[in-house]
Amino acid sequence: MMTVADQLVLLGLGFVLTTVLGGALGYLFQRRAWAHQHKTQQREREREQASKVFEEVSSLLDKRLYRMRLVFWAAKRRASGGSNDQLAEARERYREVLLTWNDNLNRNSALTQAYFGAGARRRLEELYDTYAAIGRALDQLMSDLGGAAARGKAEALPNPHAGPS
């Protein structure tokens, strides 16, 4: 039979073990929950940042493509005897986008690789090369536009209306 003293010792020991063990388990579970929440929040921030990078790069690609189309269309009209004013305005708007494009070229490549991988960066750089080739062709057309050769070159120019290949 257990004495009152033995029962008090058991009660005290049970209380201590429950408190210590409960505290340790609570700490362990709280720490795991915090780590999971932290990882989830970090992934969400990275996803939001990747989305911003995608929107920025996509918008810049769209702007440059459209400005190239405007220059191309204005050059075709100019080659057919149209006004030089629309061509000058289209070229100026294209130059503004081109400055922004070049200012962010390496940054966008690096961010694309960081958030979407090396394959996406390679594809983006292929688009850069395609856009640069069309830009060079537009520059050549502009330099030739004063002569009769511009009429034939406007037809042979890669068509920015069809989009990059």
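These legends describe close-up views of a predicted model of one protein chain.

**View 1. The protein chain is built from helices, with zero strands.** The count comes to five helices. From the N terminus on, the order is α-α-α-α-α. The chain has 165 residues, and buried residues make up 26% of them. Among contacts with a separation of 6 or more, 67% join residues 24 or more positions apart.

**View 2. Helix α1 runs over 76 residues.** From its first C-alpha to its last, α1 reaches 110 Å. That is close to the 112 Å expected at 1.5 Å a residue. Gly81 follows α1. The phi of Gly81 is positive, near 100°.

**View 3. The largest pocket has a volume of about 170 Å³.** Its lining consists of Phe54, Val57, Ser58, Leu61, Asp62, Thr112, Phe116, Ala120 and Leu124. Three elements give two or more residues each: α1 (4-79), α3 (105-116) and α4 (118-144). Helix α1 gives the most, with five residues. By type, the lining divides into six nonpolar, two polar and one charged.

**View 4. Ser109 sits in helix α3.** Is Ser109 buried or exposed? Its relative accessibility is 2%, so Ser109 counts as buried; the cut-off for buried is under 20%. Leaving aside neighbours within four places in sequence, Ser109 is in contact with Arg121, Leu124, Glu125 and Tyr128. Of these contacts, Leu124 and Tyr128 are among the buried residues of α4. Leu124 also lines the largest pocket.

**View 5. Helix α4 has the span expected from its length.** It holds 27 residues, which should span 39 Å at 1.5 Å a residue. The end C-alpha atoms are 39 Å apart, so the two values agree. Buried residues in α4 include Leu127, Thr130, Tyr131, Ile134 and Gly135. Further along, Ala137, Leu138, Leu141, Met142 and Asp144 are buried too. An α-helix has 3.6 residues a turn, so residues three or four places apart point the same way.

**View 6. Confidence is lowest in helix α5.** Helix α5 covers residues 149-156 and has a mean pLDDT of 47. Confidence is highest in α3, at 94. Over residues 147-153, pLDDT stays under 50. For those residues the model has nine contacts beyond four places in sequence. Across the protein chain, the mean pLDDT is 87. Of its residues, 88% reach 70 or more.

Notes. Residues numbered from 1 in each chain as written. Predicted model: local features only at pLDDT ≥ 70, side-chain atom pairs only at ≥ 80, totals over all residues. Heavy atoms only, no water. 1 Å grid on protein atoms, 1.4 Å probe; cavity = no way out; pocket = protein on both sides within 12 Å on 5 of 7 lines; lining within 4 Å. Points joined across faces, edges and corners; volume = space filled by probe spheres on them. Helix = DSSP H or I, 4+ residues; strand = E, 2+ residues; numbered from the N terminus. Nonpolar A, V, L, I, M, F, W, Y, C, P; charged D, E, K, R; others polar. Expected span 1.5 Å × (residues − 1). Buried < 20%, exposed > 50% of the residue type's maximum accessible area, 1.4 Å probe, protein only. Contact = heavy atoms within 4.5 Å. pLDDT = per-residue confidence, 0-100.
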